[in-house]
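Grab a coffee and open the model in your viewer. Below are a few short exercises, each with a solution worked step by step.

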Amino acid sequence: MPAIVIVGAQWGDEGKGKATDHLGSQVDYVVKFNGGNNAGHTVVIGDEKYALHLLPSGILTPGCTPVIGNGVVVDIDVLFQEIDGLEGRGVDTSRLKLSANAHVIADYNRTIDKVTERFLGSRRIGTTGRGIGPTYADKMNRIGIRVQDLFDEKILAAKVEGALELKGQILTKIYNRRAPSVEQTVEELRSHAERLAPYVCDTGLLLSQALDRDEVVLMEAGQATLLDVDHGTYPFVTSSSAISAGACTGTGIPPTRIDQVIAIAKAYTTRVGEGPFPTELHDENGEFLRKAGWEYGTTTGRPRRCGWMDTVITRYAARVNGVTDFVLTKLDTLTGLAELPVCVAYDVDGVRHDEMPVNQTDFHHAVPVYENLPGWSEDISGCRSFEDLPKAAQAYVEFVEERSGARISVVGVGPEREQAVVRHPLR
């Protein structure tokens, strides 16, 4: 009954899709358990590059069943745009399953997300404006719309009417925006019901039965540990649980059935959106990392903020997720840098912190404490064993591993599927 969780160990964009794809034929089900189309995976297979936003990366693996779990919020227009785009490129999407309990992003939530960010001004969170946060808020306020509601027009209309009693007042009286009518929203959502129906099922039961048959279920997080609503750099976080514990609530699989947690970390650090970032670089090194690593958001296209590797963060991720294995991606991006600073602690007003400060203010004022390692100039994209790597690259991996609290099992040395150094098999 092997259940595996894949999470991001930093602020996202670490390459979780590549790690999922690396497991390939060993996995029977790939489940997205949180988030929505506010983040994405880029997967490179041969000469083909696929940008996935809402669909699980397992959609690209023949024979694997991709599942959108109950913890995801779904923009149905985006879902079908992705399905149509993949089908147009010859990818079979017929095996996709969607939880009947997943919540649906309504038109008014997209509008509220955008106008709220503009209203906040300098205090903005840096959301993607896709309605994710407001939809999760509706879920917690018990006025949300679930996938299953689309198949009962009376229930759907009653729920939309109840939500718009509040949302309409907010849009018109606070933001001076016209609210959609109940009929307009119901019609838009109902228009998808017939096409959506074949994908919808009790995914919790489906996955439980798969585990009973000793099939491998891989659960992948959207976003990452430092964006988790409970354990991230609040309030500059996402609206869902992006750590391994969220895999349980977002799929219906209990924690006793999980036997491996794989965390993905870049060989440096990036983040998109607002919020503190101790190792952020505002110099030519930051620009080097951005250009060499092509650090632009899969979903938004926004340039990512770039900085040196931060092992305080990866050690924290190992602890809160129960990490068994790290996958270190984009080691090749560091090629050509003469010196590689690695953050091993923070200085906050003269006090050294070897672990994440519990106080938000302290983290905002954290100054990285670096240890400097030598770089390398050799092209490592063709390396397939750890011994093939230059000695300096090996030393860098070992240094990060020692300070991160779990073994580094796979090292990425390029964007393609086969460009990886396997130190320990993930299965």
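**Exercise 1: around helix 4**

Just after helix 4 comes Arg142, with a positive phi near 65°. Keep in mind that this is a predicted model.

Task: find out which residues of helix 4 are buried.

Solution. Start by selecting residues 132-140, the span of helix 4. Next, keep the residues with under 20% relative accessible area, since that is the cut-off for buried. You end up with Ile132, Pro134, Thr135, Tyr136 and Asp138.

**Exercise 2: Val367**

Task: work out whether Val367 is buried, exposed or partly exposed, and list what it touches beyond its sequence neighbours.

Solution. First locate Val367: it sits in strand 18, residues 367-374. Its relative accessible area is 45%. Buried needs under 20% and exposed needs over 50%, so Val367 lands in between, as partly exposed. Now skip residues up to four places away in sequence, and the contacts of Val367 are Ala345, Tyr346 and Asp347. As a last check, go from Val367 to Pro134: the pair is 233 residues apart in sequence and 34 Å apart in space, C-alpha to C-alpha.

**Exercise 3: where domain 1 meets domain 2**

Task: describe the contact between domain 1 and domain 2, starting from how many residues each one puts in.

Solution. Step one, set up the selections: domain 1 is 3-100 + 201-261, domain 2 is 103-196, and domain 3 is 264-422. The C-alpha centres of domain 1 and domain 2 lie 24 Å apart. In the contact, domain 1 has 25 residues and domain 2 has 21 residues.

Step two, get the area. Interface size is often quoted as the accessible area lost when the parts come together. Here domain 1 and domain 2 bury about 1,900 Å² between them, with 60% of that from carbon and sulfur atoms. On the domain 1 side, Val73, Ile76 and Phe80 supply 30% of the area buried against domain 2, more than any other three residues.

Step three, look at the polar part. Between the two domains there are 2 salt bridges. Asp84 and Arg195 form a salt bridge through their side chains, at 2.6 Å from N to O. Domain 1 and domain 2 also share 10 residue pairs in polar contact.

Step four, assign the domain 1 side to elements. Strand 6 (73-74), helix 2 (76-88) and strand 7 (97-99) each bring at least two residues. Helix 2 gives the most, with 6 residues. By class, this side of domain 1 has 12 nonpolar, 10 polar and 3 charged residues.

Key:
Residues numbered from 1 in each chain as written. Predicted model: local features only at pLDDT ≥ 70, side-chain atom pairs only at ≥ 80, totals over all residues. Heavy atoms only, no water. Domains from an automatic or database assignment. Contact = heavy atoms within 4.5 Å. Buried area = accessible area lost by both parts, 1.4 Å probe. Salt bridge = Lys/Arg side-chain N within 4 Å of Asp/Glu carboxyl O. Polar contact = N/O pair within 3.5 Å; in protein donor to acceptor, adjacent residues only side chain to side chain. Helix = DSSP H or I, 4+ residues; strand = E, 2+ residues; numbered from the N terminus. Nonpolar A, V, L, I, M, F, W, Y, C, P; charged D, E, K, R; others polar. Buried < 20%, exposed > 50% of the residue type's maximum accessible area, 1.4 Å probe, protein only.
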